[in-house]
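Okay, thanks everyone for coming. I'll keep this short: one helix pair, then a quick word on the cysteines. Here's the model.

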Amino acid sequence: MQELYAQYKGLLFTLAYQLTGSASDAEDVMQDVFLKLYDVQPERLIEPKAYLCKMVTNRCLDLLKSARKRREQYFGEWLPEPILTPDDESLETVLRGELLSYAMLVLLERLSPAERSVFVLREAFGFEYHEIAELVGKSEANCRKIFSRARGKMGILLDEPVQAEAAGEEWVRRFISALELGNVDSVVSMLAEDVVLISDGGGKATAAVNPIKTRDFVIRFLIGLIQKAPNYEGGTTMELRDINGQTGLVIRSGEAIDTIALIHVEENSIRNIYFIRNPDKLRHLVNI
């Protein structure tokens, strides 16, 4: 059991995280699955990867069905929990190679639990359709249809690559510098005309209830935040960290993490900005 845990914990956490959008739920699912393994007959673990992935997928499908109603009642916009992805592989919980970009995780919220499962298993982990069919208990032909429908709901064309582009460190540094200097022209040049900013406070932290759309409104919102920053108790600091496999911005008020910000770039312009402010979604990052 210890060998299985050491070998597959990263894989199972990464799968559960992308299926649920929650690091805390993913950790619970992973631990629950390994506890249940003690009751599994050894002959059923001839192919442990497939068996474990099926257990995780089934558990996450149950969670997603119960989570849909909670998310419909959620105050404001709901964003996935951010996770730390350190460069040192020996410290990693998540498998970076199987991790979809944060922007893709946001799009996954448009899908039904079945669509989300098929999409993640196919695009993030590269399972073949016959393998996915076994994991989700559907026919291979049905899985192909579900995958195609999922892409359509996410606005991804048939021949379009799935992985959304994240902003690199240089992009983020340049953008923050332009904001801090109040260089509106530079900020304008980096934002797409139809840029969207989504802020998730969950009713527990100040956040825009609805998405902020278009370049003009996003610029006003961001410059307003920069101007208010010096007034926060304990001061405000910003640092770049590897979050969800990309350069993210950790904003602290005093010692506490106040916001995680992530940027999605498309065609050399910022298309989406995500602010995660709900303290429940930042609790697992308290020690970074």
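**A helix pair and two cysteines**

So, first up, helix α3, residues 48-72, and helix α6, residues 129-136: their axes come within 8 Å and cross at roughly 55°. Keep in mind that this is a predicted model. With that angle, α3 and α6 fall between the parallel and perpendicular ranges, since 65 is where roughly perpendicular starts and under 35 is roughly parallel, and therefore we call the two helices oblique to each other. As for the hand, α3 and α6 make a right-handed crossing.

Who is actually touching? On the α3 side you have Ala50, Cys53, Lys54, Thr57 and Asn58, and α6 brings in Glu134, Leu135 and Val136. If you sort the residues of that contact by type, you get four nonpolar, two polar and two charged.

Now, Cys53 is one of the α3 residues in that contact, which brings me to the sulfurs. How many disulfides does a search of the whole structure find? Zero. Take Cys53: it's in no disulfide, and the nearest cysteine sulfur belongs to Cys60, 10 Å away. A disulfide here would need the two sulfur atoms within 2.5 Å. Cys53 is also buried, with a relative accessible area of 1%.

What about Cys60? Also in no disulfide, and there the nearest cysteine sulfur is that of Cys53, 10 Å away. Cys60 is buried too, at a relative accessible area of 1%.

That's it from me, happy to go back to the model.

Terms used. Residues are numbered from 1 along each chain as its sequence is written. This is a predicted model: local features need pLDDT of at least 70, side-chain atom pairs count only at pLDDT 80 or more; totals for chains, interfaces and linings use all residues. Side-chain values use heavy atoms; hydrogens and water are left out. Axes are lines fitted to C-alpha atoms, for helices over the stretch in contact, and angles run from 0 to 180 degrees between N-to-C directions. Helices (H or I, at least four residues) and strands (E, at least two) are DSSP runs, numbered from the N terminus. Angles under 35 degrees count as roughly parallel, over 145 as roughly antiparallel, 65 to 115 as roughly perpendicular and the rest as oblique. A crossing is left-handed if the near helix is turned anticlockwise from the far one by less than a right angle, and right-handed if clockwise. Contact means heavy atoms within 4.5 Å. Ala, Val, Leu, Ile, Met, Phe, Trp, Tyr, Cys and Pro count as nonpolar, Asp, Glu, Lys and Arg as charged, and the others, Gly among them, as polar. Buried means under 20% relative accessible area, exposed over 50%, partly exposed in between (1.4 Å probe, protein chains only).
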